[in-house]
Each structure stands twice: as structure tokens, then as C-alpha cells.
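Work through the following exercises with the sequence and the model at hand. Each task is followed by a solution in steps.

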Amino acid sequence: LAGGLGVYSQNLGKALVKQGHEVRVLTLEGDSLKEEQVEGLSVIKIPRRLGYRDVFATPLGQASLARIRNEIGVSDVVNAHTRYFPLTQISVALGRQAGVPVVLTEHGGGFVKSTSALTTIGARLVDLTLGRKALQSASQVLAVSHRGQDFIKELSGVNATIVGNGIDLEFWNRSKALGSRLRSSHEKDKLNVVFVGRLVAEKGWRPLLDAWSMLSSSVREDFRLVFVGDGPDFKKLRRLIVQSGFEDVVAMGHQPRQVVRDLLCRGILVNPSWASEGFQTTLLEARALGVYVVSTAVGGASETITDPGLGHVLDSTNPRDLASAIVQALPQAGFDVGRGAADQYEWSQVADRHLDAYSTHVRSVA
């Protein structure tokens, strides 16, 4: 299952299966109806229709709608995800028709933000109509962060319960990373200022690059700026790096999570996103590793950066403010500043919080 939402659904499903529950996942993928087994999950792939970019599509056709209706009809409870997806809205409506409870887990932290006016306006119209209705019609609404909880209340008047995001704490463990050693005076390798995310404007990669150019050469002497991730702006980023003559900036593209873990343990994480984030997984991963974080005030920041010793939260995406925060954070690069409350975000605990919500409506799933 691709994308952050797909990863969330898959990991939540796997945790529920481990606890003895049967999980069937409906997803819009491909151009034909088919079912396959993925790590204990039954994944039903519904053909995508009327897709927009990589994040929006609609299930059309009698066969697709009949399969969705049948799957919902034989379920004890349905867990839909994020209010603006057509599949979520259809699931809520069909669940009500069948008398099956539908719990809606909201992953957003606000109205969609984009450099595309069409995307921004279109998404808001959907939110104010179909999205709002889905939230209000669901049996219960869950939020992944405090910011998401506030947005749900603002949009629909519904009081959501926070369940949080999740990570594999066994993997995101500093002792397992190649870069876990503490910084020492004799090490010659540069430390890392790390960006992890999809390379689109709203993730803030450009303000970060501009902030880096404002740092003096003496400040940057022992550090390099590393961009990890792919996306529509990847080639543009690489072109700007060359044009600016940056020898201490690297755009690595997508990397295995082992590489991300090692890079973070030898540096700090900078998260300059101005998107409507629900709860960024990267913030949790850094927190579990004890990595110092500089982040804008997006969803998940207040949950993971609970103490000034763990990181710094900015209310600004201005490059000068970002540069100042980075300079103050650099002395923490390579050091373990503590995990904070990261242990509560193990997937088994996230699954338990979902089960508590399910059991409110269907006692047999407890």
C-alpha cells in the first residue's frame, strides 16, 4: 500500500491481525478488481477512476460499488480514513444503510494547502460539503493529533478522540543505527542537517535551502544539508544546488529506512513543512532515535517536541527564522537528546486505541 496513509493502514491492520482479528482492506489501485494477501491482510483492490494527481480517485461502476457494499455488509465495524476521499464518503454512507458502524480516522490537520489554486479550492469545497457530512455521519471520529482534533471540531463540530500515529520502535532504535556513536572531536565526517519528505513546495524544501545559504561558511564547516525524498520538485532541487554552487548540500532521493535512520543519528532533523499535516511519521522516528528536531508547528510537533531539550517548534517558515533555529540546534547534532514519550506510539498501542473505539460500537471486537 503506497503513501503515508497506506503505510498507516497496513501497519494498523497488521497489529490488529496479531491480536487475532480478521482485517480486510479496501483500496483504490490499478484498473481491475482483484484480491491478494499482504502480510496477513486481505487487500481488495478496487479500480481507480477519475484520478487526480496521486492522491485522489473515485470507485465507479456497478461491480466496484457492489463489492464495497458486500464487504461492508459482512463487517463487524468499518474503519475509514480521512474525510475527503470518495471511498471514505461512500463507506460512511453504505455503512449507515447496512447498519454497520463506521469509525473514521482523520489524518489531516487542516484544509489542504497547495501551490495549485485548483487543488486548494477544490479540496476546500469537498471538505465543506462531502467531507463535513462524512465526519458528522460517522459512528465515531478519531484524530491522529491535537491539531487534527481541533480541525475536525472546526470543520464539523464533532469531538474526535486522539489515537496518534505509530512506528516500529524496535527498528527506530538508536543502538541499531550505524551512526549511533556520539560525536567526538577526532571524527572528520560531517554531521547531517536532514530533511525527510516528499519534494513538493508545501513540504518547505525551498525555505530550507534558502536558510542554508544564509549560514556562514564557518557555521557550515562541520555540517552538510541532506535532502531525503523524491517528488515533482526533485530535479528542480538538484538544479538549484548546482546553480548555487553548494558543495555541502546533497539531494539523495528516496532511501531505505536504514539509511534514513543512520543519517538522523549523525545529525538533526529539520521539518520546514507548511502543509496541513496530521501527524508526520518522520517526527516520531526522530523522537524515537533521540534526535533533536527543528520543526514548524505542524500536526505532531506538539506531541513529540514536549520539552525544549528535545527540539524547537517554529511558528514561521521564513528562511531567516529557520536559519536562526538551525544555528541554535547544530550543537545537538549527533547527540541523543532523549526519546520523550515515544513509547506510546508503538503500533500495538495505536491498535489498542482503535480497538477501544471499535468496541464502543461492536463489543465482539474487543
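**Exercise 1. Burial of one aromatic residue.** Determine whether Tyr8 is buried or exposed.

Solution. Tyr8 has a relative accessible area of 4% and is therefore buried; the class buried covers values under 20%, exposed those over 50%, and partly exposed those in between (1.4 Å probe, protein chains only). The structure used here is a predicted model, in which local features need pLDDT of at least 70, side-chain atom pairs count only at pLDDT 80 or more, and totals for chains, interfaces and linings use all residues. Residues are numbered from 1 along each chain as its sequence is written, and side-chain values use heavy atoms, with hydrogens and water left out.

**Exercise 2. Aromatic pairs.** State how many aromatic pairs the whole structure holds, and classify the pair of Tyr8 and Trp347.

Solution. Step one is the count: the search finds 6 aromatic pairs. Rings of Phe, Tyr and Trp (its six-membered ring) pair if their centres lie within 6.5 Å; planes under 30 degrees apart are stacked, over 60 edge-to-face, and the rest tilted. Step two is the geometry: the ring centres of Tyr8 and Trp347 are 5.1 Å apart and the planes meet at 80°, so this pair is edge-to-face. Step three is the location: Tyr8 belongs to helix H1 (residues 3–18) and Trp347 to helix H13 (residues 347–361), so the pair ties together parts 339 residues apart in sequence. Helices (H or I, at least four residues) and strands (E, at least two) are DSSP runs, numbered from the N terminus. Trp347 is buried too, at 8% relative accessibility.

Now treat Phe111 and Phe151 likewise. With centres 5.1 Å apart and planes at 85°, their rings are also edge-to-face. Phe111 lies in the loop between strand S7 (102–106) and helix H4 (117–137), and Phe151 in helix H5 (residues 146–156), so parts 40 residues apart in sequence are tied together. Both residues are buried. Finally, Arg124 lies over the face of Phe111, 3.9 Å from the ring centre; this requires NZ of Lys or CZ of Arg within 6 Å of the ring centre and within 35 degrees of the ring normal.

**Exercise 3. A strand and its partners.** Explain why strand S3 counts as largely enclosed, and identify which strands it pairs with.

Solution. First, 6 of the 6 residues of S3 (residues 41–46) are buried, so the strand is largely enclosed by the rest of the structure. Leu41, Val43 and Lys45 point one way, while Ser42, Ile44 and Ile46 point the other way. Next, strand S1 (residues 24–28) runs parallel to S3 and is joined to it by 5 bridges; two strands pair if DSSP finds at least two bridges between them. Leu26 stands opposite Ile44. Strand S2 (residues 34–38) pairs with S3 in the antiparallel sense over 5 bridges, with Glu36 as the bridge partner of Val43. The hairpin of S2 and S3 has 2 residues between the strands, and Glu39 there takes a positive phi near 50°.

**Exercise 4. Confidence.** Find where pLDDT stays under 50.

Solution. The mean pLDDT (the predictor's confidence in each residue, from 0 to 100) of the chain is 90, and 93% of its residues reach 70 or more. Over residues 180–187, pLDDT stays under 50. Where pLDDT is low, the predicted coordinates should not be read in detail.

Definitions and conventions
Contact = heavy atoms within 4.5 Å.
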